[in-house]
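Work through the exercises below with the model open. Try each task before you read its solution.

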Amino acid sequence: MQQSSPATWDTVIRPQEAWWKPDLREFWHYRDLLKLLVLRDLTSQYKQTILGPLWLVLQPLLTTLTYTVMFGIVARLAPKGIPPMLFYLSGIVPWTCFAGVVNKTSKTFVTNAAVLTKVYFPRLIMPVSTTISSLATFLIQLGLLVVIIGLYALFGGFHWTPSSNLIFLPAVILLMALLGLGAGILVSALTTKYRDLGFLVSFGVQLLMFASPVIIPLEKVAQHATMFTVLKLNPMTPVITATRAMFFGGEMDWHGLAYATCFAVVLCTVGLGIFQRVERSFADVV
């Protein structure tokens, strides 16, 4: 009996020749999966909770009220000219998004091991979907900031005039997302071999917040050279200060934004390269 030739529908999946070069065409081919993963993240996050999506508003609001009392009223760290609640909310909203992207994407390989070892699709879709869902949450919380600014303007005697620099808000949001995505995929690639990093990420992100102007404005630490330098080296510092400058006026730190952009490009390039390389042997390691 003559042996039949191999079936024409068999597909052999091999790693790319260049681990540092992602296949963007394949990524686009799986865009429907990306949409489904984003919807999954958005719907499952607050599933079976009493308040549901209200937590998207309550979490930054309660955190802002705590910071306003502790650091704004008691410690008097908030700057003059801006209500303390608006000052802290405008820092908490972008930082929460950045921290959420880093914390969630850093667990990509570990938390989705059961799926990633059985079904093939571009692995980069997982962290990208997490970043997009975090950005959707960010936009809701950004709307909360706008609403509270309006309440202060109507009933709190706060004279607010939108800055013309608000046109750069999408670029700043993109920069924030790239910083979080780059850090997240870098850590996610390393945690496949060194699980200790997974425990350190959330704690490290919390500590990093104190090295940013979320709580203390830059002008308060200008006289302390070491602390001022630490804050300036944090790539999220120009993102937060730019957000406040766009909403409440003031000069944009263009040099800081240029530094943060370069930092994000390098971070994403290195993180993506390591991510692509680890992806090849991920199933054997996990």
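**Exercise 1. Place Gly72: find its helix, its burial class and its contacts.**

Step 1. Gly72 sits in helix α3, which covers residues 55-74. Helices (H or I, at least four residues) and strands (E, at least two) are DSSP runs, numbered from the N terminus. The model is predicted: local features need pLDDT of at least 70, side-chain atom pairs count only at pLDDT 80 or more, and totals for chains, interfaces and linings use all residues. Residues are numbered from 1 along each chain as its sequence is written, and side-chain values use heavy atoms, with hydrogens and water left out.

Step 2. The relative accessible area of Gly72 is 11%, so the residue is buried. The classes are buried under 20% relative accessible area, exposed over 50%, and partly exposed in between (1.4 Å probe, protein chains only).

Step 3. Leave out residues up to four places away in sequence. Gly72 then touches Tyr67, Leu77, Ala78, Pro84 and Tyr88. Contact means heavy atoms within 4.5 Å.

Step 4. Take Pro84 from that list. Gly72 and Pro84 are 12 residues apart in sequence, and their C-alpha atoms are 5.6 Å apart.

**Exercise 2. Which residues of the largest nonpolar core touch the most other members, and which elements give two or more residues to this core?**

Step 1. Fix the term. A nonpolar core is a set of buried Ala, Val, Leu, Ile, Met, Phe, Trp, Tyr and Cys residues joined through side-chain atoms within 4.5 Å.

Step 2. The largest core has 54 residues, and those touching the most other members are Tyr67, Tyr88, Trp95, Met176, Val214, Ile215 and Met236.

Step 3. Two or more residues come from each of α3, α4 (84-105), α7 (125-155), α8 (169-191), α9 (196-209), α11 (236-248) and α12 (254-280). Helix α4 gives the largest share, 13 residues.

Step 4. Look at one of the hubs. Beyond four places in sequence, Tyr67 touches Gly72, Tyr88, Ile92, Met209, Val214 and Ile215.

Step 5. Another core, of 17 residues, lies apart from the largest one; Leu34, Ile125, Met126 and Val278 are among its members. In soluble globular proteins, nonpolar side chains tend to be buried together.

**Exercise 3. Which backbone oxygens does the side chain of Thr191 reach?**

Step 1. Thr191 belongs to helix α8. Its relative accessible area is 2%, so Thr191 is buried.

Step 2. The Thr191 side chain reaches the backbone oxygen of Ser188 at 2.9 Å. It reaches the backbone oxygen of Ser106 at 3.4 Å. A polar contact is a pair of N or O atoms within 3.5 Å; within protein, one must be able to donate a hydrogen and the other to accept it, and residues adjacent in sequence count only if both atoms are side-chain atoms.

Step 3. With residues up to four places away left out, Thr191 touches Ser106, Val110, Leu197 and Gly198.

**Exercise 4. Is Arg76 buried or exposed, and what is notable about its phi?**

Step 1. Arg76 lies in the loop between α3 and α4. At 64% relative accessibility, Arg76 counts as exposed.

Step 2. Arg76 has a positive phi of about 55 degrees although it is not a glycine. Most residues other than glycine have a negative phi.

**Exercise 5. How many salt bridges does the structure hold, and which residues form them?**

Step 1. The count is two salt bridges. A salt bridge is a side-chain nitrogen of Lys or Arg within 4 Å of a carboxyl oxygen of Asp or Glu.

Step 2. Asp41 pairs with Arg40, with the closest N and O atoms 3.2 Å apart. Asp41 is buried at 16% relative accessibility. Arg40 is partly exposed at 38%.

Step 3. Asp253 pairs with Lys232, with the closest N and O atoms 3.1 Å apart. This pair links distant parts of the chain, 21 residues apart: Asp253 is in the loop between α11 and α12, and Lys232 is in helix α10 (residues 225-233). Asp253 is partly exposed at 23%. Lys232 is partly exposed at 32%.

**Exercise 6. How many helices and strands are in the protein chain, and what share of its residues is buried?**

Step 1. The protein chain has 13 helices and zero strands.

Step 2. Of its 286 residues, 45% count as buried.
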